[in-house]
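Colleague: Could you walk me through this model and show me how to read its features? I would like to begin with a single side chain and work outwards.

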Amino acid sequence: MSSERVAIDGHELALTNLDKVLYPATGTTKAEVIAYYAEVAQVMLPHLRQRPITRKRYPDGVGDGTEPGGVFFAKNLAEGTPDWVRRYRIEHRSGPNDYPVADDVATLVWLAQLAALELHVPQWRFAADGTPQPPDRLVLDLDPGEGVELGACAEVAGWVGEALAGAGLTAFPVTSGSKGIHLYASLDGSLSTEEASTVAHELANALQAAHPDRVTSVMRRSGRDGKVFLDWSQNNGSKTTVSPYSLRGRERPWVAAPRSWDELSRPGLRQLEFGEVLERLPDGDLLAGLLTRPDRLATYRSLRDGAKTPEPVPAEPAPPSSGRSFVVHEHHARRLHYDFRLEHDGVLVSWAVPKGLPTDPQRNRLAVQTEDHPLAYGSFEGTIPAGQYGAGTVRIWDAGSYELEKWRDNEVIITLHGRPDGGLAGRPTRFALIRTDENWLMHLMAPAPD
């Protein structure tokens, strides 16, 4: 059977050249590759969701695994791509490219039909409106130099995992399907791609300093023999890493396969082929913990009863967002104060400013950070009943959008663009929030230079 038409997720696909051998060393056919991606979709799709996919296509197969002719990377979607394949546009220096995103089995099968054996993605996702979000994960690619076996690379991975744990991050290992190991850690969205790259670079440098005979963080290829190169650069927003569960275009149908730390410590560690990965599916996704986002609204919900307060009380954790909205609430509680809120990573990060936003650059105002609020709170006005948390009348003093200049754990700089009839009278106003030992200070700044 060389071709057939199938219906998947309500879409009809023409699958052609099904008996073509894509991996000569094992006789693996295109039909088997398509079947693999269809079956592994249950665990692979959550890691691909909303990420732009760069495809590495092997229309004539992998040959002997030494980059045969005809292999190429595809970024922009070609004419004739089915309308149902979801896509987002990224502006490059050379012009715009439309990238596919995969959130259904049909898209994975369509990619496999194109002999896109390798699917590469960045460490960030698109928001629903196509805006790139902050990275939600960190990755370190452990690339063994000449003379370094996979087991020795795994030992270095253990050191990296310990270093990540020291930074409060849990590392998840993936044997890359090529030569080395990828280590992932979940991020909470508070770091930019530049900041995530800096964290990874500093960690790699620290490991090199601690183990100079076994580890290098230097990008140049010379001097890697007998060492493991810790590639931190794939956290750059414009770079990609082969996705977990992706096939590789190597001699055999190896897979970027999630592994347990116990596996990495066993003798005889090797890369896994696609059949072995499928056999492991009943055990679930070893990378499931990488997808867990902290519930930033847990404290907010614990303080409120949705049946007793008119405030929005969402039942679910906050989904990601990349908006730049702000609201300032005038809150007549036991004492009048102002609540300053900035949209960031799916929530309104909030501070109580007892004396209101500063109006004099020489006089900072105390700002006490409170619990994150849901985005729906940005339009809330009303009276919170007596006996409930924050009882009193809440009205919007000003609201609008903000330009972000800096967002760090101890410093936030923004320019607010409020309503013409709001408390800022429609004037663009620049503020800094600076964390001290116990609280924050809010500072009125001069406008940013052009």
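Colleague: Let's begin with Glu263. Is Glu263 buried or exposed?

Modeller: We are reading a predicted model here. A residue is called buried when its relative accessible area is under 20%. Glu263 has a relative accessible area of 11%, so it counts as buried.

Colleague: Which residue forms a salt bridge with Glu263?

Modeller: The partner is Arg280, and the closest N and O atoms of the pair are 2.8 Å apart. Arg280 has 24% relative accessibility, so it is classed as partly exposed. Now place the two in the fold: Glu263 belongs to helix α5 (residues 261-264) and Arg280 to helix α6, so the salt bridge ties together parts that are 17 residues apart in sequence.

Colleague: How many salt bridges does the structure hold?

Modeller: There are 23. One of them joins the side chains of Glu155 and Arg214, at 3.0 Å from N to O. This pair links distant parts of the chain, 59 residues apart: Glu155 sits in helix α3 (residues 150-166), and Arg214 in the loop between α4 and β13. Both are partly exposed, Glu155 at 40% relative accessibility and Arg214 at 27%.

Colleague: What ties helix α4 to strand β25?

Modeller: Look at Glu195 and Arg408, which form a salt bridge with their closest N and O atoms 3.7 Å apart. Glu195 lies in helix α4 and Arg408 in strand β25 (residues 392-408), so parts 213 residues apart in sequence are tied together. Arg408 is partly exposed, with a relative accessible area of 43%.

Colleague: Now to sheets. How do strands of a sheet pair?

Modeller: They pair through backbone hydrogen bonds, either parallel or antiparallel. In this model, an open sheet of 6 strands has mixed pairing and runs in the order β13-β14-β10-β12-β11-β17.

Colleague: Which strands stand at the edges?

Modeller: Those are β13 (215-216) and β17 (257-258); each has a single partner strand, so one side of each lacks a neighbour in the sheet. Further in, β11 (residues 171-175) and β12 (residues 181-186) are antiparallel partners over 5 bridges. To find the register, note that Thr175 is opposite Ile181 in β12. Helix α4 (residues 193-210) packs on this sheet, where it touches β10 (137-144), β13 and β14 (228-231), and its direction makes about 40° with that of β10.

Colleague: And the nonpolar interior? Which residues have the most contacts inside the largest nonpolar core?

Modeller: They are Tyr36, Tyr37, Val40, Leu108 and Leu119, in a core of 42 residues. Among the elements that give two or more residues to this core are α1 (30-48), α2 (105-113), β9 (116-121) and α6 (274-280). The largest share comes from α1, with 10 residues. For a look at one member, Val40 is in contact with Tyr245, Leu278 and Leu281, leaving aside neighbours within four places in sequence. Apart from this core lies another, of 29 residues, including Leu140, Leu150, Ala157 and Leu230.

Colleague: Last one: where does UniProt place its domain feature?

Modeller: The unreviewed UniProt entry puts "domain: DNA ligase D polymerase" at residues 29-282. Over that range the chain is 29% helix and 23% strand, and the end C-alpha atoms are 24 Å apart. Thr29 is found in strand β4 (residues 28-29). With 17% relative accessibility, Thr29 counts as buried. Beyond residues up to four places away in sequence, Thr29 touches Leu18, Asp19, Lys20, Val21 and Leu22.

Definitions and conventions:
Residues are numbered from 1 along each chain as its sequence is written. This is a predicted model: local features need pLDDT of at least 70, side-chain atom pairs count only at pLDDT 80 or more; totals for chains, interfaces and linings use all residues. Side-chain values use heavy atoms; hydrogens and water are left out. UniProt positions are given in the numbering used here, feature names are shortened, and annotations may be inferred rather than shown by experiment. Helices (H or I, at least four residues) and strands (E, at least two) are DSSP runs, numbered from the N terminus. Buried means under 20% relative accessible area, exposed over 50%, partly exposed in between (1.4 Å probe, protein chains only). Contact means heavy atoms within 4.5 Å. Two strands pair if DSSP finds at least two bridges between them. Axes are lines fitted to C-alpha atoms, for helices over the stretch in contact, and angles run from 0 to 180 degrees between N-to-C directions. A nonpolar core is a set of buried Ala, Val, Leu, Ile, Met, Phe, Trp, Tyr and Cys residues joined through side-chain atoms within 4.5 Å. A salt bridge is a side-chain nitrogen of Lys or Arg within 4 Å of a carboxyl oxygen of Asp or Glu.
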